[in-house]
Amino acid sequence: RCSTENPESVGSDSSGVAAGSRQQTQSVATHEPTESPASPDSVHEGRFLPGKLLAERYRIIGLIGRGGMGEVYRATDLVLGQAVALKFLPESTAFDERIRRRFYQEVRLARRISHPNVCRVYDIGTIDGILYISMEYVDGEDLASLLRRIGRLPGGKAVEIARQLCAGLAAAHAQGIL
């Protein structure tokens, strides 16, 4: 049971990117933006083309998707040798100070949560003056694509995914984050 009142004035990030799942359940990850390609491994045009080197550290693999709060790319962190997700503000809002403050706040809040059902946020930086967030890349098919592909989930699988989502949300709520 949740007994927390949610004031209407509390905002949320509609991109869904910071709330992913590290647990590999039916290869489902819930960190996809609102508009997402069918597969995170597919190559789609975006601001950065595959192979592009950013900040002498990140090699772009491809665009994962676009949402209201930006574009998310799969990249390789060449310093650490790991896959990461890089979330960039949309070009249209990249220099809006209010949006930039909100982006910093997203990182501050996300770093307070440590749970297997919430993707880790590593850092925030700038490339050519455009803010980006580096975060854990969760390999797998996003829930929207899975539902388009197979239709309705079997009852047991739906309950399992719902429990994982609720556990991630509970971890955020335990930190006072809506």
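The exercises below work through a helix, a sheet, an aromatic cluster and one aspartate in a predicted model.

**Exercise 1. Check the length of helix H1 against the span expected for its residues.**

Step 1. Helix H1 covers residues 97-110, which makes 14 residues.
Step 2. The expected span is 1.5 Å times one less than the number of residues. For H1 this gives 20 Å.
Step 3. The end C-alpha atoms of H1 lie 20 Å apart, in agreement with the expected value.

**Exercise 2. Determine how the buried residues of H1 are arranged and what they pack against.**

Step 1. List the buried residues: Ile99, Arg100, Phe103, Glu106, Val107 and Ala110.
Step 2. Look down the axis of H1. The buried residues fall within an arc of 110°, so they line one face of the helix.
Step 3. Compare with the general geometry. An α-helix has 3.6 residues a turn, so residues three or four places apart point the same way.
Step 4. Turn to the face of H1 that points away from the buried side. Arg98 and Arg101 are exposed there.
Step 5. Find the partners of the buried residues. They pack against strand E5 (82-88), strand E6 (121-127) and strand E7 (130-136).
Step 6. Inspect the start of H1. There, the backbone nitrogen of Arg98 has a side-chain oxygen of Asp96 within 2.9 Å.

**Exercise 3. Give the strand order of the open sheet and identify its edge strands.**

Step 1. The open sheet is formed by six strands in the order E2-E3-E4-E5-E7-E6, with antiparallel pairing.
Step 2. An edge strand pairs on one side only; this applies to strand E2 (53-54) and to E6.
Step 3. Take one pairing in detail. E5 and E7 are joined by five bridges in the antiparallel sense.
Step 4. Locate a facing residue in E7: Ser134 is opposite Leu86.

**Exercise 4. Classify the ring pairs that Phe88 makes with Tyr73 and Tyr132.**

Step 1. Begin with the whole structure, in which a search finds five aromatic pairs.
Step 2. Take Tyr73 and Phe88. Their ring centres are 6.0 Å apart and their planes stand at 80°; planes over 60 degrees apart count as edge-to-face, so the pair is edge-to-face.
Step 3. Place the two residues in the chain. Tyr73 belongs to strand E4 (residues 70-77) and Phe88 to strand E5, and the pair links distant parts of the chain, 15 residues apart.
Step 4. Check burial. Tyr73 has a relative accessible area of 0% and is buried; Phe88, at 0% relative accessibility, also counts as buried.
Step 5. Take Phe88 and Tyr132. Here the ring centres are 5.6 Å apart and the planes at 35°, so the pair is tilted.
Step 6. Phe88 is in strand E5 and Tyr132 in strand E7, so this pair ties together parts that are 44 residues apart in sequence. Tyr132 counts as buried at 9% relative accessibility.
Step 7. Assemble the group: one aromatic cluster consists of Phe48, Tyr58, Tyr73, Phe88 and Tyr132.

**Exercise 5. Describe the surroundings of Asp77.**

Step 1. Asp77 sits in strand E4.
Step 2. Its relative accessible area is 4%; buried means under 20%, so Asp77 is buried.
Step 3. Examine the side chain. A polar atom of the Asp77 side chain lies 3.0 Å from the backbone nitrogen of Val79, and the side chain of Asp77 also reaches the backbone nitrogen of Leu80 at 3.1 Å.
Step 4. Set aside neighbours within four places in sequence. Asp77 is then in contact with Arg57, Tyr58, Gln82 and Val84.
Step 5. Relate this to Exercise 4: Tyr58 is one of the residues of the aromatic cluster.

Key. Residues numbered from 1 in each chain as written. Predicted model: local features only at pLDDT ≥ 70, side-chain atom pairs only at ≥ 80, totals over all residues. Heavy atoms only, no water. Helix = DSSP H or I, 4+ residues; strand = E, 2+ residues; numbered from the N terminus. Buried < 20%, exposed > 50% of the residue type's maximum accessible area, 1.4 Å probe, protein only. Arc of directions from axis to C-beta. Contact = heavy atoms within 4.5 Å. Polar contact = N/O pair within 3.5 Å; in protein donor to acceptor, adjacent residues only side chain to side chain. Phe/Tyr/Trp six-rings, centres within 6.5 Å; stacked < 30°, edge-to-face > 60°. Pairing = 2+ DSSP bridges.
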